[in-house]
Each structure stands twice: as structure tokens, then as C-alpha cells.
Amino acid sequence: MNDTIEILRLESVSKSFPGVKALSRIDLSIRRGEVHALLGENGAGKSTLMKILCGIYQADEGRIYIEGTERKFAGYKDAIEAGIGIIFQEFSLIPYLTAVENIFLGRYRTNSVGLLSKAGMKKAAHDLFEELGVAIDLDVPICELSVAQQQFIEIGKALSLKARILVLDEPTATLTPNEAEHLFKVMRELRAKGVSMIFISHHLEEIFEICDRISVLRDGTNAGFADVAAIDVTQLVEMMVGRKIEKNFPTKPTPAPGARKVLEVPEIQLAKGGPVNSFDLYEGEILGFAGLVGSGRTELALGMMGAEPVHRKKVLLNGTESRLRDPTEALSSGIGLLPESRKVEGLITDFTVRFNVSINNLRKYGKKALISRAAENKSTSELCRRVGVKAPSIESRVATLSGGNQQKVVIARWLNHQCDVLIFDEPTRGIDVGAKAEIYDLMRELTKQGKSIIMISSELPEIVGMCDRVCVFSRGSIVATLEGDSINPGDIMRHATAGNSVS
């Protein structure tokens with residue numbers, strides 16, 4: 001950290017929405033040249049507070065000071081002019097424009113005779129990315145670039161606006177470990193130059209790697225402040241959730257002798273000439289799919305259930321061969337998918353909890369257009385109670401729920417459809433530590449009821465803590481299937497990186 005000079009202070013900030021007190025007298029202090037973690041469970045008020053800081057929302061009461069001067073932001077433009085930039089979790093870039101066009105959108109540079117200076121803007125963008133140490137193709141639309149490259153374009157855009165305070169909301173959520181490490185390198189360089197950063201993340205290990213101080217919100221109030229060097233993970237979790245979480249993962253059951261195979265895939269080849277894989281799934285088990293990002297974990301699962309094309313495959317469900325040509329056939333065969341992108345692929349967030357739970361199984365409530373709303377309400381309410389959905393009512397819009405509760409709505413839908421095989425793809429991405437524990441407990445409860453789960457995850461701790469067996473992927477191949485004491489980080493990474501160049 002460069003010094004202890006305060007660059008930003010929020011005092012007694014409060015905000016209410018109809019029927020909800022989102023923030024109550026929040027204080028926050030940010031020093032020049034520090035990375036400050038803003039933590040809390042989903043729904044704690046982090047996003048609301050940052051939207052107030054960036055002028056997207058206006059506070060009902062409270063003050064914002066920048067370098068000791070009170071500022072009022074009528075909109076995002078005012079915040080930008082005050083030196084505040086925000087990199088949203090969901091990017092605000094225009095996908096079919098280039099990096100240069102995105103950076104200078106709305107403020108194009110002109111030459112001495114008033115004509116558009118494309119060369120000048122391109123050089124400025126090149127210099128900016130060279131300073132950040134990232135290679136960006138400036139001639140292609142950004143939809144052709146990787147997620148990590150788009151992340152750095154967002155950062156570059158904010159820096160081009162002379163941002164002195166950067167808000168990074170879950171910046172590593174979709175990055176590989178190497179990409180995340182490069183982001184941290186850039187953040188350290190920015191910190192050394194006096195740029196202040198507010199860092200929001202559910203990955204607590206990142207907080208201890210990159211942050212200087214921590215502020216925690218809980219239920220819209222200040223729950224605590226700390227220097228990173230003076231707190232440990234256990235204390236931090238308790239500060240966030242208001243209670244001790246005795247254990248991260250539920251106890252694994254003892255393997256049942258002679259367990260029945262519910263799913264057998266003796267061969268599956270995604271592309272002609274590609275690797276041929278095989279795996280089995282037993283009743284009541286959690287089978288992990290582990291490996292580096294891009295190793296083929298999700299593609300294999302989607303190919304098995306007919307959601308992605310394959311060159312050839314053989315699938316047996318409860319001993320009977322099933323073609324599974326598309327997800328509809330998979331669903332009718334009792335296979336449900338909780339996709340990685342639940343908001344885009346798993347839910348219709350502008351619709352109600354009731355609609356999202358019952359949409360795939362309306363025949364259950366009546367014939368043709370005659371749906372029994374009473375039966376639908378009763379079934380949906382029971383399923384939501386069973387999986388622990390916390391919502392004001394089943395008529396609440398899914399968009400208003402936290403990430404953990406949204407995930408539970410997807411689970412409720414597939415239970416409504418009597419699915420016996422559930423594929424969880426990155427089940428806790430973007431979910432806070434308290435909700436993670438609830439999802440883990442729910443997964444174990446489902447397996448006790450005889451359900452079988454394939455869990456695809458980039459999080460090594462949850463692969464180790466949750467899975468009964470683990471298929472490790474490398475370059476599209478299942479290179480090992482681990483069980484028992486072999487399910488440990490060292491063995492998983494040894495197999496996952498075999499033949500891969502890791503820098």
C-alpha cells in the first residue's frame with residue numbers, strides 16, 4: 001500500500017426499495033493505493049452499495065466523500081468524471097465492436113481537422129494494453145476474444161477514463177487460475193501506482209492473496225472491518241454469516257457394497273479421431289468431473305445427454321440402452337442439468353418461482369390448457385420447502401433471489417420432474433459461503449434419497465470434499481478415476497496437468 005491517505009469515504013448510507021431495507025447506515029473507508037475487499041453473503045447489500053457509489057442508484061440518506069470533498073452523483077457519468085470505474089460481473093461491453101471502439105465509445109478522438117482519428121485511438125488502446133501486459137487483437141470484435149481478454153478490456157476502458165477508484169465485482173468468476181494470477185499481477189501494479197480498488201469475491205483465498213483490508217456487510221448493515229493480516233478464514237466466515245460454520249462439507253457416506261449402476265457410458269467420442277471415454281455412475285453417489293478449464297468436462301456431460309453433438313456413444317440407463325438424442329429425451333429418461341450459467345440457460349429470471357419450477361412439467365397439473373393452479377401452487381410450495389428456497393412467496397420473481405436460492409429453484413424444477421440423475425455444472429459459482437454449505441447439504445440429502453449426481457467443478461476443495469469418486473480430465477480424456485484417499489488435491493492436479501503446459 002502506498003500510504004494511509006483516505007481517497008473515498010461513505011458515511012451512513014441507507015437505501016430502501018418497496019418493502020425492503022437494502023442498506024442501513026453503511027460506512028466504508030478506502031485508502032489511496034489499496035485493494036479493499038467488500039464481502040458479504042448474497043443479498044447483504046454489496047451490489048446496492050456499489051451502484052450508489054457509481055451513481056446508478058441514489059441513496060435515501062448518507063454522504064459520499066472523495067478526497068475529503070462531498071460529491072453527489074446524479075448518474076454513472078458523474079461518478080466516472082469523479083474518477084470511479086466499475087467492472088461489473090456481467091460485462092457492459094458491446095460484443096460486435098472492437099476493443100478500440102468499446103474503449104472510446106461516446107468519446108471518439110478526432111484529428112486537427114475534425115475527422116475521426118482511428119489511428120490515434122488504436123495507438124492509445126495499444127499503449128494501454130501494453131501497460132497492462134495483455135495481448136489484445138484490436139481488429140476483431142470482442143465477442144471473438146476470451147473472457148479474460150474482455151475482462152482486461154473493461155479494466156482498460158476504466159483506466160482510459162482516468163479512474164482512481166476501481167470496483168471489481170467477481171472479476172475471477174470465469175477466469176482460469178493462470179488468468180486470475182495475471183489479473184492479480186495487474187492489480188498489484190495498479191496499486192503501486194496509487195489506484196484504489198474495491199474487490200468483491202466469494203473466493204476467500206483470493207482475499208488473503210490480493211487484499212489489504214476488509215469490510216463485511218450482513219443484512220444491509222456493517223458487520224465488521226479488519227486488516228487482512230489480522231484475521232483468518234474462520235473469523236471472516238463468522239463475520240459474514242453471523243454464525244460459525246462447523247464444517248465446510250457434509251460427511252461422506254461409507255460406500256454401499258454392490259451399489260446399482262444407474263448410468264453406464266461404455267464409450268463416448270465427441271469428435272471423429274478424438275479420445276474415446278467411458279464412465280459409470282452409481283445410485284446415491286456424487287461423481288466428480290475435475291480438470292483444468294477447457295479439459296472437456298462439461299462437453300462430455302452435455303454430449304452424453306444429447307445437448308452437444310457427438311461422433312458416437314453408447315449409454316445405458318438402469319441397464320437399458322438409451323439413445324438420448326437431445327435434452328428432451330434425457331429429461332424424459334430422468335436426467336436433469338443444472339447449467340453453469342443458471343441465469344442464461346437454467347432460469348427465466350423475469351418470471352416467478354412457481355413458473356420456473358413447474359414449466360417443464362405442466363402436464364402434472366392438468367390436461368391441455370386446463371391447469372389446476374391450486375395443485376401447481378401446492379406442489380411448488382412443497383418443493384421449495386424441501387430444497388430450502390428462501391423467497392417471500394412462490395410468486396416472487398426469480399431475479400430478486402440470491403444466487404444460492406436461484407440454484408435451489410433449478411433443483412426444485414428437476415425434482416418436480418422426478419429426475420434420478422442430476423448434472424451439477426459449477427454448482428456454487430457466484431454463491432456465498434453460507435449458501436454453499438446449504439447447497440452441499442442439499443446435494444448429500446438428495447443422494448441419501450437415491451438420487452445420483454455428476455458434479456463438474458473447477459473448485460478443487462469442493463471436488464475433494466464432496467465427491468465419492470472423481471474422473472479427472474486432461475485434453476478431452478478421462479485420464480484417471482480416483483476414489484478413497486486418492487481424492488486429494490495433489491493427485492487430482494498431477495493427473496489434470498499431465499501433458500499440459502502450465503505457466
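How many of the 5 residues of β8 are buried? The legends below start with that strand and then move through other close-ups of this predicted model.

**View 1. Strand β8 and its enclosed setting.**
In β8, 5 of the 5 residues are buried, so the strand is largely enclosed by the rest of the structure. Look along the strand and you will find S196, I198 and I200 pointing one way, while M197 and F199 point the other way. In a regular strand, side chains alternate between the two faces of the sheet. Two parallel partners can be picked out here. Strand β3 (residues 35-39) pairs with β8 over 3 bridges, in the parallel sense, and A37 stands opposite F199. Strand β7 (residues 165-169) also runs parallel to β8, joined to it by 5 bridges; one residue to find there is D169, whose bridge partner in β8 is I200.

**View 2. An edge-to-face pair, F184 and F199.**
The structure holds 6 aromatic pairs, and this close-up shows one of them. The ring centres of F184 and F199 are 6.2 Å apart and the ring planes meet at 70 degrees, so the pair is edge-to-face. F184 belongs to helix α6 (residues 177-192) and F199 to strand β8 (residues 196-200), so the pair ties together parts that are 15 residues apart in sequence. Both F184 and F199 are buried.

**View 3. A tilted pair, F289 and F473, and its cluster.**
Here is another ring pair to compare by eye. The centres of the F289 and F473 rings lie 5.0 Å apart, with the planes at 55 degrees, so this pair is tilted. It links distant parts of the chain: F289 is in strand β13 and F473 in strand β21, 184 residues apart. F289 is buried, with a relative accessible area of 0%, and F473 is likewise buried, also at 0%. Now bring F279 into the frame: ring pairs link F279, F289 and F473 into a cluster.

**View 4. An open sheet of 6 strands.**
Follow the strands in the order β16-β19-β20-β13-β21-β22 to trace this open sheet, in which the pairing is mixed. The edges are β16 (335-338) and β22 (477-483), each with a single partner strand, so one side of each is left without a neighbour in the sheet. From one strand to the next, the twist averages 20 degrees. Strands of a sheet pair through backbone hydrogen bonds, either parallel or antiparallel. For a parallel example, find β13 (residues 286-291) and β20 (residues 452-456), which are joined by 4 bridges. Within that pairing, G288 has M455 of β20 as its bridge partner.

**View 5. Helices α9 and α15 against the sheet.**
Helix α9 (residues 297-304) lies across β13, β16, β19 (421-425), β20, β21 (469-474) and β22, and runs at about 135 degrees to β13. Helix α15 (residues 433-448) packs on the sheet as well, where it touches β13, β19 and β20. The direction of α15 makes about 145 degrees with that of β20.

**View 6. R444, a buried arginine.**
Stay with helix α15 and zoom in on R444, which has its place in that helix. With a relative accessible area of 4%, R444 is buried. Its side chain reaches the backbone oxygen of M466 at 2.7 Å. Leaving aside residues up to four places away in sequence, R444 touches P250, T251, K252, P253, I286, M466, C467 and D468.

**View 7. Two nonpolar cores.**
The largest nonpolar core has 54 residues, and those touching the most other members are L39, F129, I153, I155, L166, F199 and I214. Center on I214 to explore its surroundings: beyond residues up to four places away in sequence, I214 touches H36, A37, L39, I207, G224, F225, A226, V228, I231 and L236. Apart from this core lies another, of 40 residues, including L383, I394, F424 and I487. In soluble globular proteins, nonpolar side chains tend to be buried together.

**View 8. Helix α1 and the glycine after it.**
Helix α1 (residues 46-53) has 6 of its 8 residues buried, so it is largely enclosed by the rest of the structure. The buried ones are K46, T48, L49, M50, I52 and L53. G55 follows α1, and its phi is positive, near 80 degrees.

How values were computed:
Residues are numbered from 1 along each chain as its sequence is written. Side-chain values use heavy atoms; hydrogens and water are left out. Two strands pair if DSSP finds at least two bridges between them. Axes are lines fitted to C-alpha atoms, for helices over the stretch in contact, and angles run from 0 to 180 degrees between N-to-C directions. Contact means heavy atoms within 4.5 Å. A nonpolar core is a set of buried Ala, Val, Leu, Ile, Met, Phe, Trp, Tyr and Cys residues joined through side-chain atoms within 4.5 Å. Buried means under 20% relative accessible area, exposed over 50%, partly exposed in between (1.4 Å probe, protein chains only). A polar contact is a pair of N or O atoms within 3.5 Å; within protein, one must be able to donate a hydrogen and the other to accept it, and residues adjacent in sequence count only if both atoms are side-chain atoms. Rings of Phe, Tyr and Trp (its six-membered ring) pair if their centres lie within 6.5 Å; planes under 30 degrees apart count as stacked, over 60 as edge-to-face and the rest as tilted.
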